[in-house]
Amino acid sequence: MSQNHKILSHLKSGYPLTPKDAQELFGCYRLSARVYDLTQEGHPIVSARKTVITRNGKTIVAEYRYAS
């Protein structure tokens, strides 16, 4: 199963996905590119900004969800 299919299945299950999650779960280092591929296929995926704590403080990342 391709990364796109794994990511799509995860999102359709109702779970959000951040780049770190995608890296850990699917070995995907370019989540935004995979989301772009999926949206080009017509899947309604939305993103929101999420603040996360890192060892160097806080940073903002994209969190993707399937818009059903």
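Here are a few exercises, with worked solutions, on this predicted model.

**Exercise 1.** Work out where Arg 30 lies and whether Arg 30 counts as buried or exposed.

*Solution.* Start with the place: Arg 30 sits in the loop that links helix H2 (19-26) to helix H3 (31-40). Next, take its relative accessibility, which is 55%. Exposed means over 50%, so Arg 30 counts as exposed. Finally, look across to Val 61: the two are 31 residues apart in sequence, and their C-alpha atoms are 13 Å apart in space.

**Exercise 2.** Find how strands S1 and S2 are arranged.

*Solution.* First, locate them: S1 covers residues 45-54 and S2 covers residues 57-66. They run antiparallel, joined by 10 bridges. Now check the turn: two residues lie between the strands, and together S1 and S2 form a hairpin. For one facing pair, try Ala 48, which stands opposite Glu 63 in S2.

**Exercise 3.** Find the buried residues of H3 and what they pack against.

*Solution.* Go along the helix and you'll pick out Leu 31, Ala 33, Arg 34, Val 35 and Leu 38 as buried. These residues pack against helix H1 (3-12), H2, S1 and S2. Just past H3, look for Gly 42, which has a positive phi, near 100°.

**Exercise 4.** Explore the largest nonpolar core.

*Solution.* Count its members: there are 12 residues, including Ile 7, Leu 17, Phe 26, Leu 31 and Tyr 64. Then sort by element: H1, H2 and H3 each give two or more residues to this core. Last, zoom in on Leu 17: leaving aside neighbours within four places in sequence, its contacts include Ile 7, His 10, Phe 26, Leu 31 and Tyr 64.

How values were computed. Residues numbered from 1 in each chain as written. Predicted model: local features only at pLDDT ≥ 70, side-chain atom pairs only at ≥ 80, totals over all residues. Heavy atoms only, no water. Helix = DSSP H or I, 4+ residues; strand = E, 2+ residues; numbered from the N terminus. Buried < 20%, exposed > 50% of the residue type's maximum accessible area, 1.4 Å probe, protein only. Pairing = 2+ DSSP bridges. Contact = heavy atoms within 4.5 Å. Core = buried A, V, L, I, M, F, W, Y, C linked by side-chain atoms within 4.5 Å.
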